[in-house]
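Thanks for making the time this morning. I would like to walk through one model with you, going from strands to helices and then to the ligand.

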Amino acid sequence: MKIPFTKMHGLGNNYIYIDGFETKINEELLPQLSQAVSDVNTGIGSDGLILMLPSTNADVRMRIFNKDGSEAMNCGNGLRCVAKLAYDSGYVPKEQFQIEAKSGVVEAEVVVIDGIVEQVTIDMGEPILQREQIPMVTANYTNETVINEKFPVGDQDLFATAVSMGNPHVIFYVEDINDAPIDTVGPEVTSDARFPEGVNVEFVEVLNDHEINFRVWERGSGITQACGTGACASVVASVLNNYVKRGESVTVHLDGGDLTITWEENGHVMMKGPAVNVAEGIYFLKT
Ligand SMILES: N[C@@H](CCC[C@H](N)C(=O)O)C(=O)O
């Protein structure tokens, strides 16, 4: 089967995008297709697969599969790229519109320069802070929320803040982002039994009350250059830990560039950043 695709990235977090308005793929093949296209040696090379689809309750719908084939509930960088793809390809001929993800419907606004979308703002909605909804399981806990809570990993006592942006995130603060134990703690914590659905693992260095450094080990994909939902969760965590202020914008420096995130007074998290086309082509799926 020949599958037309667009490769896009948001700050280096790159996915293979398939236009599901045009191309219909058997549902059961999607996990294996994500694994196959993501492989840099035998596929195209990506952090996973994203489908842009018609929606019955929004203007367009996104489905996201990680590199390992697991389907995720949400993807911040993916939402910005789907917004660009939907607008640039003419499916959604307006600058403000709605995108449906598995985690719910969000509002998108595109910034168009010379007819092409360059930046996208997404209203990511309200974070989920209740432990059991993240979901995180802890024996005999006293607090409903998980803010700077002792979290032993091996022989170390780390301190965790947990936030869901429709998908689960755990944030650890470090003195220097360059020393973040991303390739040891990342893979260990992502499948820790305390997170029954797994978790995206983030390290944050606070630079000042408007800027943080950020690195991520993504559930299902490993180290990526950026994670939009993770950046949002990290700003929420940084408000909860009194490092930055609610209602003020924070620049998140990720490996692939910067995102501007604000946890608004009304409870919604706003994310603004770029969406970029890389290539178009045909993938040959062996069935
Ligand atoms: N890169 C994404 C998040 C993708 C899904 C995540 N790995 C999960 O399993 O929840 C983003 O930009 O938010």
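Let me begin with a question: in which sense do β1 and strand β2 pair, and over how many bridges? Before I answer, please keep in mind that what you see is a predicted model. Strand β1 and strand β2, the latter covering residues 13-19, pair in the antiparallel sense, and they do so over five bridges. If you want a place to find the register, look at Met8, which stands opposite Tyr15 in β2. The hairpin that β1 and β2 form has two residues between the strands, and within this hairpin Leu11 takes a positive phi near 55 degrees.

Strand β1, residues 2-10, has a further partner in strand β18, residues 276-284, and this pairing is again antiparallel, running over eight bridges. Here the register can be read from Thr6, which stands opposite Glu280 in β18.

Now to the helices, and to one residue in particular, Val37, which is found in helix α1, residues 30-38. Is Val37 buried or exposed? With 24 other C-beta atoms within 10 Å, and the cut-off for burial being 20 or more, Val37 is buried. Setting aside the neighbours within four places in sequence, the contacts of Val37 are Ile16, Gly43, Ile44, Ser46, Leu49 and Tyr283. Of these, Ile16 falls within the residue range of β2, while Tyr283 falls within that of β18.

Helix α3, residues 182-190, has Ile182, Val185, Gly186, Val189 and Thr190 as buried residues. These five lie on the same side of α3, because they cover an arc of only 115 degrees around the axis. As a reminder, an α-helix has 3.6 residues a turn, so residues three or four places apart point the same way. The cover over the buried residues of α3 includes the strands β9 (149-153), β11 (168-173), β12 (200-208), β13 (211-218) and β14 (222-224).

Finally, the ligand, which is surrounded by 19 residues, the closest being Ala72, Asn77, Asn167, Gly228 and Thr229. By class, this shell has 13 polar, four nonpolar and two charged residues. Among the elements, β4 (60-66), α2 (76-88) and α4 (228-240) each supply at least two residues of the shell. Where does the ligand lie with respect to domain 1 and domain 2? Domain 1 (2-124 + 274-284) and domain 2 (131-267) both give residues to the shell, and therefore the ligand lies between them.

Key: Residues numbered from 1 in each chain as written. Predicted model: local features only at pLDDT ≥ 70, side-chain atom pairs only at ≥ 80, totals over all residues. Near = placed C-beta within 6 Å. Helix = DSSP H or I, 4+ residues; strand = E, 2+ residues; numbered from the N terminus. Nonpolar A, V, L, I, M, F, W, Y, C, P; charged D, E, K, R; others polar. Domains from an automatic or database assignment. Buried ≥ 20, exposed ≤ 12 C-beta atoms within 10 Å, placed from the backbone. Contact = placed C-beta atoms within 7 Å. Arc of directions from axis to C-beta. Pairing = 2+ DSSP bridges.
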